[in-house]
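The following briefing concerns the structure shown below. Please read it alongside the sequence and the coordinates.

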Amino acid sequence: MIPETSERKPVLEVRDLRVYYETPKGDVRAVDGIDFTLYEGEILGMVGESGCGKSTAAMGVLQLIVSPGRIVSGEIILNGIDLLKISEQHLRQLRWSRLALIPQGAMNSLNPTMRISQQIEDVIREHELKEQRLSKVAMKARILELLQWVGLPERIYSMFPHELSGGMKQRVCIAIAIALNPSVIIADESTSALDVVVQRVVAQTMLKIKQALGVSMIMIGHDMGLMAQMVDRIVVMYAGNIVEIATVEHMFAHPAHPYAQMLIDAVPSLRERKPLKVTQGITHDPRNPPPGCIFQLRCPFVMERCRTEAPARQEIRPGQEVACHLYELQPDGSFNDVRTSASDS
Ligand code: SF4
């Protein structure tokens, strides 16, 4: 069990990060002012529908946003260093060594013309200091050790990507990500293209690595079932904003934001046969978000206030923060759900 937030050491702090994409009709606000903290040894899940900005947020943290995208503002503090204030050379040193990525679609991220051993070696050589240069024998031993960590046999060492299954390729990507013992790994939909059995193997590999190496992880995805088994806390994103952050226990026992409630409601259950719920309304134009709450066009509980006043994120109970006007602070410091008080009166 992870300790309470106040006892944990932050590894990565993201403050007011904004990433926009330029289009002829105006900027698309893919990430529009998000704040979150990743703690030491924690797995933070990031969920939301396609296009909600979760992958863009990850690419923003890694500063791998390509034109016409750009980071408009924010702070990305990794182990005390603001990544937006350092040189490109310094940033390149920190990528992989402190902050690594397990990319979306391993099939496309490995070089098809290079053997697996060479692809892992390249990452290590790129970052090793001259005076600590590994000998050929030591390098081979290190690569075999990494392959063993991710549960791959030695023969993979001299194989090409096309000779491997999807799950094996994904595990090679994990081996590359841990090659330099980073403090943070971002896994971007790293299991979504795999079948459920292979998905489980890859997920178990990531859990084993997190426990053994003490690395912190951000896991991006939309499989709430997988999130429930793997992560410590869940960040829910909608239209470039974070609408709720909660421990996995709070998120599944009593999700607070109407959008988070819809996501949890959509998780299929073996015990209960229920009709698939369809969310009403449409998402707003990302170039022109409405004033007030960004979820107002789809929210079944929308109130007058929601149309004009953007809700601030507030901690409604320890380990659960939500941005929604449904929760009102009471004189005793607790929060009241206005839906409950309305039905009581
Ligand atoms: Fe719905 Fe209003 Fe809450 Fe937004 S602030 S999620 S519109 S109730």
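How many cavities of 30 Å³ or more does the structure hold? The count comes to one cavity of that volume or more, in what is a predicted model. The points below describe this cavity, the cysteines and an open sheet with its packed helix.

**Cavity**
- The largest cavity has a volume of about 110 Å³.
- A total of 14 residues line the largest cavity, and those closest to its centre are C293, C299, C306, C324 and H325.

**Cysteines**
- The structure contains zero disulfides.
- C306, one of the residues closest to the centre of the largest cavity, has a relative accessibility of 8% and counts as buried, because the cut-off for burial is under 20% relative accessible area.
- C173 is likewise buried, with a relative accessible area of 4%.

**Sheet and helix**
- An open sheet is formed by four strands in the order β2-β1-β4-β5, with antiparallel pairing.
- The edges are occupied by β2 (28-39) and β5 (81-82); each has a single partner strand, so one side of each is left without a neighbour in the sheet.
- Helix α1 (residues 54-62) packs on the sheet, where α1 touches β1, β2 and β4 (69-78).
- The direction of α1 makes about 115° with that of β1.
- Nine bridges join β1 (residues 10-21) to β2 in the antiparallel sense.
- Within this pairing of β1 and β2, Y21 stands opposite V28 in β2.

Notes. Residues numbered from 1 in each chain as written. Predicted model: local features only at pLDDT ≥ 70, side-chain atom pairs only at ≥ 80, totals over all residues. Heavy atoms only, no water. Pairing = 2+ DSSP bridges. Helix = DSSP H or I, 4+ residues; strand = E, 2+ residues; numbered from the N terminus. Contact = heavy atoms within 4.5 Å. Axes fitted to C-alpha atoms, helices over the stretch in contact; angles between N-to-C directions. Disulfide = S-S within 2.5 Å. Buried < 20%, exposed > 50% of the residue type's maximum accessible area, 1.4 Å probe, protein only. 1 Å grid on protein atoms, 1.4 Å probe; cavity = no way out; pocket = protein on both sides within 12 Å on 5 of 7 lines; lining within 4 Å. Points joined across faces, edges and corners; volume = space filled by probe spheres on them.
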